[in-house]
Amino acid sequence: MSPRGSGWTPARIAVVVAVAVLLTAGLALPARAPSAAAPAGGPSSGAAVAAGTSPWVWDNGLISLIFPNPVPSFTIQSDRNASLSTRHVLTGVAEITPTDNATSFAPFDQSGANWRFASAEGASSTTVWLNATLKVVGAVGSWESPDDVAELEDSSGTAQVSLAFYLNASTAPDPAAVRFTVNVTHWPWINTSDSIGFGFVDVAVPGTSIRPGASPNSLVEVRSQDQATLSTLSWASQATVYYRTGGNGNSSVGTYRAIAANGTNSTIHLEFGAVAGGYTDLSFDPWIRLNLSALAAAPPIPAWLWTPQSLGILALAVAATAVLAIFAARSRSGNAPPP
């Protein structure tokens, strides 16, 4: 004898149907990308910095500027969803001849380099500095090539390299943008007819690819599923150089850009020319912007969801739900057992 009320009530039918639907969704849908939780209390106007150990992280409540290692390679990432991010590796500074060959090179990841971090928070942005004294070695190879220049064993001296990153506050204009400046001082010139070059690499994060931007001085990273723009890198067509005599000049920025065929990375070699060499200081500033609105636009349903296997799973789940519902209805229509 069954206890009173043990039949298939409408509430229990609803539970069965809900469980079946949830199981179907779990079988048919892909796992969601991990996301970074937004800081408690919502966006703040300032930026917070993690402890002085790797990784170094600055955050404005909307995006984070992350240095995984004590070298100038960094990631800019959305706080709302960690899958929206962009990665950049700054490779080094070179001296370039008028025929575009490298004669010396200061790699940023060289052995013994001691990059020092410092930061200061302002009303509209937080500034993060990286400074190092780098050994400048001889080099050979074409600067207009995606290949790294070959480093020689001889040294021509040292140079001071200072990088400053500007993370806008969430309440400032363009809060999802980071600007950084490259400043090179005391370069040991081999020939004052040469010019300085700066190299870096963009690395596409999973599910994205790198494409040419709207101008020769820009790149975009797009979502592979729907080609939505996730981030933009752009740089100015001019830089400022300063001479020991106290004068300065506007240098044109020549760009060599090589994007991998599959869009997984892009090598950028810039050259600061059209001015007399021998300058003591060089200042230049690229911009990187995350497209936070891309999070609101859901990508289309992947084609793999409509394979025969996934459709078969869906059909079985629907059939099981229907059978349970019919059985429940028949059990409900019978006479209730006596108390």
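Strand 19, residues 286-290, has side chains that alternate between two faces. Pro-286, Ile-288 and Leu-290 point to one face and are buried, while Trp-287 and Arg-289 point to the other and are not. In a regular strand, side chains switch in turn from one face of the sheet to the other. The model is a predicted one. Its protein chain holds 2 helices and 19 strands.

**Strand 19 and its neighbours**

- Strand 10, residues 177-185, pairs with strand 19 in the antiparallel sense, over 3 bridges.
- Within that pairing, Ala-177 has Arg-289 of strand 19 as its bridge partner; Arg-289 is one of the residues on the face that is not buried.
- Strand 14, residues 229-235, is also antiparallel to strand 19, and 5 bridges join them.
- Ser-234 has Trp-287 of strand 19 as its bridge partner, and Trp-287 points to the face opposite Pro-286, Ile-288 and Leu-290.

**Strand 4 and the strands beside it**

- All 6 of the 6 residues of strand 4, residues 73-78, are buried, so this strand is largely enclosed by the rest of the structure.
- Both of its faces are covered: Ser-73, Thr-75 and Gln-77 are buried on one side, and Phe-74, Ile-76 and Ser-78 are buried on the other.
- Strand 3, residues 63-67, pairs with strand 4 in the antiparallel sense over 4 bridges, with Leu-65 bridged to Ile-76 of strand 4.
- The hairpin from strand 3 to strand 4 passes through 5 residues.
- Strand 4 and strand 5 run antiparallel and are joined by 5 bridges; Phe-74 has His-88 of strand 5 as its bridge partner.
- The hairpin from strand 4 to strand 5 passes through 6 residues.

**Leu-90 in strand 5**

- Leu-90 lies in strand 5.
- Leu-90 counts as buried because its relative accessibility is 4%, against a cut-off of under 20%.
- Leaving out residues up to four places away in sequence, Leu-90 touches Pro-72, Ser-73, Phe-74, Phe-108, Leu-163, Phe-165, Phe-180, Phe-198, Gly-199 and Phe-200.
- Two of these contacts, Ser-73 and Phe-74, belong to the buried residues of strand 4.
- Pro-107 is 17 residues from Leu-90 along the chain, and their C-alpha atoms are separated by 9.0 Å.

**Nonpolar cores**

- The largest nonpolar core has 51 residues, of which Phe-165, Phe-198 and Phe-272 touch the most other members.
- Another core lies apart from it and has 7 residues, including Ala-94, Phe-105, Ala-139 and Trp-143.
- Phe-198 touches Leu-90, Gly-92, Val-93, Phe-108, Trp-143, Phe-180, Val-182, Ile-268, His-269, Leu-270 and Phe-272, not counting residues up to four places away in sequence.
- In soluble globular proteins, nonpolar side chains tend to be buried together.

**Cavities**

- The model has 2 cavities of 30 Å³ or more.
- The largest cavity holds about 70 Å³ of space.
- Its lining consists of Thr-86, Arg-87, His-88, Asp-202, Ile-210, Leu-219, Val-220, Glu-221, Ser-231, Thr-232, Leu-233 and Ile-288.
- Strand 5 (85-96), strand 13 (218-223) and strand 14 are the elements that each give two or more residues to this lining.
- Two lining residues, His-88 and Ile-288, also appear above: His-88 is the bridge partner of Phe-74, and Ile-288 is on the buried face of strand 19.

**Positive phi in loops**

- Asp-100 is not a glycine, yet has a positive phi of about 70°.
- Asp-100 sits in the loop between strand 5 and strand 6 (102-107).
- Ala-274, also a residue other than glycine, has a positive phi near 65°.
- Ala-274 is in the loop between strand 17 (265-273) and strand 18 (281-284).
- Ala-274 counts as exposed because its relative accessibility is 69%, where the cut-off is over 50%.

**Whole chain**

- Of the 339 residues in the protein chain, 40% are buried.
- Among contacts between residues at least 6 apart in sequence, 60% join residues at least 24 apart.
- The exposed area of the protein chain is about 17,000 Å², with carbon and sulfur atoms supplying 59% of it.

Terms used:
Residues numbered from 1 in each chain as written. Predicted model: local features only at pLDDT ≥ 70, side-chain atom pairs only at ≥ 80, totals over all residues. Heavy atoms only, no water. Core = buried A, V, L, I, M, F, W, Y, C linked by side-chain atoms within 4.5 Å. Buried < 20%, exposed > 50% of the residue type's maximum accessible area, 1.4 Å probe, protein only. Contact = heavy atoms within 4.5 Å. Areas by Shrake-Rupley, 256 points an atom, 1.4 Å probe, with all protein chains shown as cover. Pairing = 2+ DSSP bridges. 1 Å grid on protein atoms, 1.4 Å probe; cavity = no way out; pocket = protein on both sides within 12 Å on 5 of 7 lines; lining within 4 Å. Points joined across faces, edges and corners; volume = space filled by probe spheres on them.
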